[in-house]
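Please open the structure in your viewer and keep the selection panel at hand. The tour moves from one selection to the next and says what is to be found at each.

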Amino acid sequence: MKINPNRNRKNLKFLVILLLFLSVFYSCSSEQKKRHAKLDSEQTASRIDYDLKDIVDSGVLRVITTYSPTGYFLYKGKIMGFEYEIFKRLADHLKVNLEIVLAKNVDSVIPMLNRGEGDIIALGYTITSERKEDVSFTDPYMITHQSLIQKKPDNWRKMTVDDIKNSLATDIIDLIHDTVSVRQNSSYYLRLKELSNELGDTIYIDILPGELSDEQIIKMVSEGEIKYSIIDNHKASIHKSYFPNIDADTPVSLSQRLAWAVRKNSPELLNIINQGLKAIKGKPDYNLIYEKYFENKRQFHKRLDSEYYTGTTGKFSKYDEIVKKYSHDLGWDWILVKSLIYQESMFNSNNESWAGASGLMQLMPSTAKEMGVSNISDPEENIRAGSEYLKRMYSYWEEVPDSIQRIKFAMASYNCGYSHVKDAQKLAAKYGKDSLSWDDGVDYYVLNLSKPKFYNDPVVQFGYARGYEPYEYVKDIFERYKNYKTFAAQ
């Protein structure tokens, strides 16, 4: 039997190539495994043990979200948004404060959750197998699908519907060898990878920074900065009212489920959210909230065009400069004073209460006269007098060492009168509470001044008070202040 040396050389050459290929393949595979292991480690290694009981004990429910014109935003001083309204109801049900934790980068929300920076991710997350490895999803609250976002021709208003359609990508096949721009840690990126595989060809992916919001990405398409992107259809539909040159009629996915997410070791929190979601979806409230943010196109357009859409303009109201001026004299953060003014009048200078208080800071006629106000409806006069009166209330609590606690005493005094707060302080001292702290001290006794046991106590001089009003007043102002500070930092 003859041995063909040329054939042997060919076999040896093939074997070397095969070994090289396998070496590269397993090296790449190993690197991918290392990368996934590193990502898994980053997502889960620092997951804290913190569930519903801890949240209730702390008195704060922290919700991770991003600034958006549908989920969480500030408009004319009012905190609004679909996710905000849903979780405000949950926080109220749990009798805890709601704290919004703003994520600057959507790619960072899962690590933020697992580190304990927040308790819930409320972004309208698409449920995916990859994400389920790192978080537990709530029951779905919405079904949607992904839509291709593209710009209509510049002269689209003069074109027929058929001509416009013929100029656009109307089938996913049209995306082959073209580029679509999306954030990497998004369900849109995963869908594009799947589409390339399904089509057996290449769709190029342009990676966008995680800091970009859906609204900003849609604007980039509208202005021609990028050619294509992908957004969930319910968001794309409402944005079309503000960006009319955008087309979002080409679906790129089947129906997908949207949900919120909690840590995998927070089963009690997950259960209470699911219970709450089931309860609210059985009421008209849920549909009303949904329609407000995703179907009322006129109001959506109005908000985005407003000078007082704070996330874009930085303005809270037309009185900002006046508030800054008199807050400086008062020595308080002007944003805190803005929160108080919103609590009093919602920035309506013509507002008048059932008790006869008027103007932006709801001055009683006797107080206005005492403070030298000639026109109680004049914004500057009202803010000047209200700020001076707050300063007077602040001066009455010199013995309170902590400045924040002292401000809370002053606010409560502004709301219900110094004498009632002084009575509550006496009760706190009598019953062994910290009489120099509003929180977990005097606030409890102010709240209970509507109960005979307390307003009939011998140390109480000024009797009954609707204590829940100053109690909620201070709490609401400071909770709103935290949100205002978030928007001011945009």
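What follows is a series of stops, covering helix pairs, salt bridges and single residues.

Before the first stop, bear in mind that this is a predicted model.

**First stop: helices α3 and α10**

Select residues 82-94, which form helix α3, together with residues 267-281, which form helix α10; the axes of the two come within 11 Å and cross at roughly 115 degrees. Because angles from 65 to 115 degrees count as roughly perpendicular, α3 is described as roughly perpendicular to α10. The crossing of this pair, α3 with α10, is right-handed. Now show the side chains where the helices touch: on the α3 side they belong to Ile 86, Phe 87, Arg 89, Leu 90, His 93 and Leu 94, and on the α10 side to Ile 272, Ile 273 and Ile 280. Sorted by class, the residues in this contact of α3 with α10 are 7 nonpolar, 1 polar and 1 charged.

Staying with α3, move on to Lys 95, which is placed in the loop between α3 and β4 (97-102). Lys 95 is not a glycine, and yet its phi is positive, at about 60 degrees. Is Lys 95 buried or exposed? With a relative accessible area of 75%, Lys 95 is exposed.

**Second stop: salt bridges**

How many salt bridges does a search of the whole structure find? The search finds 30 of them, and a few are worth selecting one by one.

Begin with Asp 178 and Lys 227, which form a salt bridge whose closest N and O atoms are 2.7 Å apart. Asp 178 sits in the loop between α6 (161-166) and β9 (179-183), while Lys 227 sits in the loop between α8 (214-222) and β11 (228-232), so this pair ties together parts that are 49 residues apart in sequence. The two partners can also be compared by accessibility: Asp 178 is buried, at a relative accessible area of 17%, whereas Lys 227 counts as partly exposed, at 48%. In the loop between α6 and β9, also select His 177, a residue other than glycine that has a positive phi near 65 degrees.

Next select Asp 214 and Arg 183, whose side chains meet in a salt bridge at 3.1 Å, N to O. Asp 214 belongs to helix α8 and Arg 183 to strand β9, so the pair ties together parts that are 31 residues apart in sequence. Asp 214 and Arg 183 are both buried.

The following pair is Lys 475 and Asp 476, a salt bridge in which the closest N and O atoms are 4.0 Å apart. Lys 475 is partly exposed, with a relative accessible area of 26%, and Asp 476 is partly exposed as well, with a value of 25%. To finish this stop, select Glu 85, Arg 89, Asp 285 and Lys 292 together, since salt bridges that share partners join these residues into one network.

**Third stop: helices α14 and α17**

Select helix α14 (residues 320-330) and helix α17 (residues 379-395), which pack with their axes 9 Å apart and at an angle of about 20 degrees. The two helices, α14 and α17, are therefore roughly parallel to each other, and their crossing is right-handed. In α14 the contact is made by Ile 322, Val 323, Lys 325, Tyr 326, Asp 329 and Leu 330, and in α17 by Pro 379, Glu 380, Ile 383, Arg 384, Ser 387, Leu 390 and Lys 391. By class, the contact of α14 with α17 holds 7 nonpolar, 1 polar and 5 charged residues.

**Fourth stop: two buried residues**

Select Ser 349, in the loop between α15 (334-345) and α16 (365-370); at 12% relative accessibility, Ser 349 counts as buried. Which residues is Ser 349 in contact with, leaving aside its neighbours within four places in sequence? They are Tyr 319, Gly 359, Leu 360, Ser 377 and Pro 379.

Finally, select Tyr 445, which has its place in helix α20 (residues 438-447) and counts as buried at 4% relative accessibility. Not counting residues up to four places away in sequence, Tyr 445 touches Ala 424, Leu 427, Ala 428, Tyr 431, Lys 433 and Phe 454. Add Tyr 471 to the selection as well: from C-alpha to C-alpha, Tyr 445 and Tyr 471 are 9.4 Å apart in space, while in sequence they are 26 residues apart.

Definitions and conventions. Residues numbered from 1 in each chain as written. Predicted model: local features only at pLDDT ≥ 70, side-chain atom pairs only at ≥ 80, totals over all residues. Heavy atoms only, no water. Axes fitted to C-alpha atoms, helices over the stretch in contact; angles between N-to-C directions. Helix = DSSP H or I, 4+ residues; strand = E, 2+ residues; numbered from the N terminus. Parallel < 35°, antiparallel > 145°, perpendicular 65-115°, else oblique. Left-handed = near helix turned anticlockwise from the far one by under 90°. Contact = heavy atoms within 4.5 Å. Nonpolar A, V, L, I, M, F, W, Y, C, P; charged D, E, K, R; others polar. Buried < 20%, exposed > 50% of the residue type's maximum accessible area, 1.4 Å probe, protein only.
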